[in-house]
Structures are given as C-alpha cells and as structure tokens.
Amino acid sequence: MNYATIKWYDVSNGPGVRVSLYVSGCRNHCKNCFNPETWDFCYGEPFTREVEDKIINALAPEYIKGFTLLGGDPFEPENAEALVPFMERLRKKYPEKSVWCFTGYDYEADLLTGKKGDIDTNIRLLSTLDVLVDGKFVEELKDLNLLFRGSSNQRIILVRPSLEKDEVVLWNEKDIV
C-alpha cells in the first residue's frame with residue numbers, strides 16, 4: 001500500500017488535534033474530489049513499518065486526541081488488508097485515542113456485506129474505529145455548514161455501538177469521540 005501524505009497536526013478531520021494518514025487508491029472517483037491525486041494506488045510513498053512507527057510515536061503527546069484514516073479510500077481491499085495489522089497495533093498502544101475513518105463506501109451495503117472487499121477484513125478494520133464517515137462525496141449535495149463531511153448524504157457513524165446493535169448509530173456534536 002502507498003500513502004499520499006501524513007498530516008501530523010490535523011484539526012479538520014475529527015475533533016481535536018489529530019494525526020491523519022491519507023492512503024493512496026480510490027475507485028469511487030467522486031466528482032470534484034478534494035484529493036483526486038490519491039485515486040492512483042501508486043501515488044505517494046510505500047507504507048512501511050518505519051512509517052507506521054513514526055505515526056505511533058506522533059500519537060504519544062496528550063494533546064494529540066486521535067488518529068484519522070482517509071485518502072484515497074482506506075476500505076479499498078488492497079488498503080484495508082494492509083491497514084488492519086497497523087490499526088490493531090495502534091489501538092493496542094493507544095486505546096484512549098479516538099480513531100476516525102472516511103470512506104466513500106456505504107457502511108451497510110458495501111462494508112458489512114462484503115460487496116466491497118473481504119467481509120472479515122472489513123470487520124477487523126471497522127473494529128479498530130470509533131467513527132466512520134461513509135458515503136461518496138456528491139457535489140450536488142455539498143454543504144459547507146456540515147461538520148466533518150462534504151455532502152449531506154454522508155453519515156457520521158459511531159462504529160462500536162453500530163456493530164453491537166447491528167444497526168447504524170449516528171454521531172452527533174455532543175459525542176466526545
């Protein structure tokens with residue numbers, strides 16, 4: 001897997017100061033995507049153990065509230081498979097940090113059914129997340145007033161309660177995650 005960039009002090013992609021990893025590779029190709037260069041799976045640099053270690057170390061300060069995965073798309077099968085061991089390692093090291101992820105795929109229709117990628121891999125990756133922002137960016141539904149998403153069709157999902165209840169539980173501004 002390749003990654004496009006890492007933002008070491010991101011305040012746009014989840015609450016608080018975060019470290020954000022932008023993976024390379026996305027088949028959604030949303031109209032007016034803000035990162036079209038990340039559609040190419042070969043874009044950027046290889047995601048190595050050394051890069052993983054730098055991210056793990058960057059999360060150590062108390063003022064870093066969490067980690068965000070975006071791209072490209074972390075749930076492209078090639079990316080999800082590469083991310084699972086890293087994300088399980090990250091969660092073990094920092095269970096108190098919040099983890100957000102952005103995907104153009106639909107939580108129920110694509111990720112939980114195995115329609116997109118291997119269902120076991122998807123569940124393992126989902127299990128490392130606190131929050132998932134799902135759905136393609138739709139230019140016609142763009143709304144600059146929305147928190148942490150670009151278009152009104154996208155949802156902010158609390159992953160663990162959703163997995164436990166087997167129904168979507170939405171995040172709201174009162175949620176600390």
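## Briefing: aromatic pairs, strand pairing and a helix contact

Trp-100 and Phe-148 are both buried, and they make a good place to start a tour of this predicted model. From these two rings we move to the other aromatic residues, then to the strands around β2, and finally to the place where helices α2 and α4 meet.

**Aromatic pairs**

- The structure holds 6 aromatic pairs.
- One of them joins Trp-100 and Phe-148 in an edge-to-face arrangement, with 5.0 Å from centre to centre and 70° between the planes.
- Trp-100 belongs to strand β5 (residues 98–102), while Phe-148 sits in the loop between β6 (131–134) and β7 (155–158), so this pair ties together parts that are 48 residues apart in sequence.
- Phe-148 also pairs with Trp-171: the ring centres are 5.7 Å apart and the planes stand at 70°, so this pair too is edge-to-face.
- Here the link runs from the loop between β6 and β7 to the segment after α5 (159–165), where Trp-171 lies, 23 residues from Phe-148.
- Trp-171 is buried, as is Phe-148.
- Elsewhere, one aromatic cluster is made up of Tyr-3, Phe-47, Phe-67 and Phe-86.

**Strands around β2**

- Strand β2 (residues 17–23) is mostly covered, with 6 of its 7 residues buried.
- On one side, β2 runs antiparallel to strand β1 (residues 2–10), and 5 bridges join the two.
- Within that pairing, Ile-6 has Leu-21 as its bridge partner, and Asp-10 stands opposite Arg-18.
- β1 and β2 form a hairpin with 6 residues between them, and Gly-14 in the turn has a positive phi of about 135°.
- β2 also runs parallel to strand β4 (residues 64–71), joined to it by 7 bridges.
- Arg-18 appears again in this pairing, with Gly-66 of β4 as its bridge partner.
- β1 has a further antiparallel pairing, over 2 bridges, with strand β3 (residues 45–46).
- In that pairing, Tyr-3 is matched with Glu-45 of β3; Tyr-3 is also a member of the aromatic cluster with Phe-47, Phe-67 and Phe-86.

**Where α2 meets α4**

- The axes of helix α2 (residues 77–93) and helix α4 (residues 119–126) come within 9 Å and cross at roughly 35°.
- The crossing of α2 past α4 is left-handed.
- From α2, the contact draws on Ala-80, Glu-81, Leu-83, Val-84, Met-87 and Glu-88, and from α4 on Thr-121, Asn-122, Arg-124 and Leu-125.
- Sorted by class, this contact has 5 nonpolar, 2 polar and 3 charged residues.

Notes. Residues are numbered from 1 along each chain as its sequence is written. This is a predicted model: local features need pLDDT of at least 70, side-chain atom pairs count only at pLDDT 80 or more; totals for chains, interfaces and linings use all residues. Side-chain values use heavy atoms; hydrogens and water are left out. Buried means under 20% relative accessible area, exposed over 50%, partly exposed in between (1.4 Å probe, protein chains only). Helices (H or I, at least four residues) and strands (E, at least two) are DSSP runs, numbered from the N terminus. Two strands pair if DSSP finds at least two bridges between them. Axes are lines fitted to C-alpha atoms, for helices over the stretch in contact, and angles run from 0 to 180 degrees between N-to-C directions. A crossing is left-handed if the near helix is turned anticlockwise from the far one by less than a right angle, and right-handed if clockwise. Contact means heavy atoms within 4.5 Å. Ala, Val, Leu, Ile, Met, Phe, Trp, Tyr, Cys and Pro count as nonpolar, Asp, Glu, Lys and Arg as charged, and the others, Gly among them, as polar. Rings of Phe, Tyr and Trp (its six-membered ring) pair if their centres lie within 6.5 Å; planes under 30 degrees apart count as stacked, over 60 as edge-to-face and the rest as tilted.
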